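Q: Hi! Could you go through this structure with me? I have a few quick questions.

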Amino acid sequence: MKFNIIKSGLLTFGMAAVVSCTGDLDVTPIDPNLDTPENVLTSTEAYNQLLAKCYSALAVSSPDGSGGGPDISGIDGGFGQYLRALFNLQELPTDECVMGWNDQTIKDLHGLSWTSSDVFISACYSRVFYQISICNEVMRQIDAASNASDATMQQYRAEARALRGLSYLHAIDLFGNVPFADEKSEVGGTNPSQISRADLFNWLVKDMEECAEQLPASPEKYRCGKGMAYMILAKLYLNAKVYTGTANYDKCAEYCQKIIDLGYKLESSADYYKMFCADNDQMQGIGHELIFSVYQDHINTQAYGGSTYIICASIGGNMVPSDYGLGGDGWGGIRVTPQFVDKFGDNDQRAKFFTDGQSKKISDLSNFQHGYAFTKFTNLKADGSMIDGANAFPDTDVPLFRLGDVYLMLAECQVVGGVSCDGIAKFNDIRTRAGVATIANPTAQDIIDERARELAWECHRRSDLVRFNQLTTSDYIWAYKGMNSNVGTPHAVDAKYNLYPLASSDIMSNSNLKQNEGY
């Protein structure tokens with residue numbers, strides 16, 4: 001049975017002074033008229049429920065379900081959901097995903113032609129900093145408790161800290177020099193100052209190193225453990241050259257090995273797709289591959305983001321929704337480019353493309369049947385059956401961190417970073433599982449191509465292309481790169497698109513902030 005922390009997170013309780021790190025967001029307390037912290041935070045369990053908001057805010061956009069008012073005013077509750085906003089920014093600008101809809105500026109993402117006022121960028125920016133703000137507030141409330149030093153309370157605090165670290169990882173990767181606040185920052189009255197990307201890197205490394213010591217090695221499902229903190233650190237060091245100007249693959253390899261030493265295991269070839277199905281919680285935890293996933297189920301996490309977005313938006317054309325465990329209709333939105341399809345060999349079991357009625361070539365972005373559909377994520381159970389009572393909201397948890405990524409990070413550490421480790425062996429373990437031939441001496445291009453095949457639609461692709469200097473340059477061109485219409489040819493773009501702008505509304509409301517170069 002899925003752990004019920006998300007159910008707890010949907011309970012109503014007071015939370016004082018929950019404010020955004022950013023000046024433009026009108027973030028109000030959860031049901032502030034019902035209670036105050038003094039009335040509800042009367043037991044250790046109450047703090048567990050408070051912490052649950054930090055988890056549930058990754059899964060839903062409102063504590064009242066899909067029809068409720070969103071946590072953040074001024075942002076559509078659908079595309080403002082955390083995982084949907086993250087997917088849009090990490091996948092849509094790449095070769096792994098094109099969008100058929102004409103929603104506002106959505107096609108500008110794939111065209112790498114957005115502006116500082118783009119609503120989809122603002123949605124992700126706002127959601128990331130809202131998440132940071134509630135994690136900070138939970139830490140403040142715990143610090144103010146009479147039993148703050150109790151072991152259980154300190155673990156709750158460490159979990160909030162790790163979740164904050166996850167969002168700061170997204171902030172440093174997507175936006176660079178960002179507004180900064182932690183649990184010690186003044187609440188209300190003053191705008192946060194801006195921290196440089198390099199300084200945020202150093203702060204976050206230290207914060208996660210300390211946090212890791214306070215987290216359990218084998219956490220309950222859906223909760224943060226040491227593996228979560230180690231993954232954040234590994235990701236920071238993997239991208240250290242991008243964030244600081246100096247590569248540090250040695251430290252990346254060190255934290256990858258720490259994760260392996262915790263006892264996570266690569267799933268078998270037969271079990272691979274169990275990680276992306278409706279009961280994929282069985283693949284989570286020590287002894288399995290999934291390190292941290294965001295809880296989803298069709299009753300308690302109804303939202304138009306997360307796996308609902310990924311699965312529903314990938315079904316259309318001649319596809320039968322029930323074949324993928326979907327009780328509702330497909331949305332006919334996202335599919336893949338021909339360049340992504342071409343990365344897969346004939347025997348690669350990860351090449352889960354639906355081609356009936358779909359053309360590989362994309363002549364019209366708005367036509368769902370132009371471009372192959374990609375069926376990696378489904379709402380079917382591992383045995384191929386449907387969830388009882390399944391509807392338009394899937395039960396498939398969204399994996400954010402898993403061991404397959406760790407193996408490929410180790411491979412990059414060896415091949416690109418020159419680190420002495422068994423990365424090439426781990427690289428070939430991934431290929432063997434996929435049913436393709438090993439490569440004795442993989443190149444850097446082999447590494448990034450394998451990451452595309454293995455980690456597709458798991459919100460890593462944009463970061464990888466930036467790190468390998470392929471997102472904006474002419475070194476790699478895919479369909480509609482640099483375009484947002486059916487006119488012209490794909491092309492290299494301005495290097496400023498390696499980084500998203502800070503939300504223009506935040507720039508206008510906070511004089512401490514300087515916009516990213518070029519915007």
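Q: Let's begin with a cysteine: is C256 buried or exposed?
A: Happy to help! This is a predicted model. C256 counts as buried, because its relative accessibility is 0%.

Q: And why is C256 not bonded to the closest cysteine sulfur?
A: The closest cysteine sulfur belongs to C252 and lies 4.1 Å from that of C256, which is too far for a bond. A disulfide needs the two sulfur atoms within 2.5 Å.

Q: How many disulfides does a search of the whole structure find, then?
A: The search comes back with 0 disulfides. C252 is in none either: its nearest cysteine sulfur is that of C413, 3.6 Å away.

Q: Is C252 buried or exposed?
A: C252 counts as buried, because its relative accessibility is 0%.

Q: Okay, on to helices. At what angle do the axes of α7 and α9 cross?
A: Roughly 20°, and the axes come within 10 Å. Here α7 covers residues 151-174 and α9 covers residues 226-238. The two helices are therefore roughly parallel to each other.

Q: What is the handedness of the crossing where α7 passes α9?
A: It is a left-handed crossing.

Q: Which residues make that contact?
A: On the α7 side they are A162, L163, G165, L166, L169 and I172. From α9 come M228, I232, K235 and L236. Sorted by class, the contact of α7 with α9 has 8 nonpolar, 1 polar and 1 charged residues.

Q: Nice. Switching topic: how many residues of α12 are buried?
A: 8 of the 8, so α12 (residues 306-313) is largely enclosed by the rest of the structure. The buried residues are G306, S307, T308, Y309, I310, I311, C312 and A313.

Q: What do those buried residues of α12 pack against?
A: They pack against α4 (82-91) and three strands: β1 (98-99), β5 (334-335) and β8 (398-402).

Q: One last spot: where is L455 found?
A: L455 sits in helix α16, which spans residues 444-455. With a relative accessibility of 2%, L455 counts as buried.

Q: Which residues does L455 touch, leaving out those up to four places away in sequence?
A: L455 touches K376, R402, D405, L408 and H460. Of these, D405 is 50 residues from L455 along the chain, and their C-alpha atoms are separated by 7.2 Å.

Notes. Residues numbered from 1 in each chain as written. Predicted model: local features only at pLDDT ≥ 70, side-chain atom pairs only at ≥ 80, totals over all residues. Heavy atoms only, no water. Buried < 20%, exposed > 50% of the residue type's maximum accessible area, 1.4 Å probe, protein only. Axes fitted to C-alpha atoms, helices over the stretch in contact; angles between N-to-C directions. Helix = DSSP H or I, 4+ residues; strand = E, 2+ residues; numbered from the N terminus. Parallel < 35°, antiparallel > 145°, perpendicular 65-115°, else oblique. Left-handed = near helix turned anticlockwise from the far one by under 90°. Contact = heavy atoms within 4.5 Å. Nonpolar A, V, L, I, M, F, W, Y, C, P; charged D, E, K, R; others polar.
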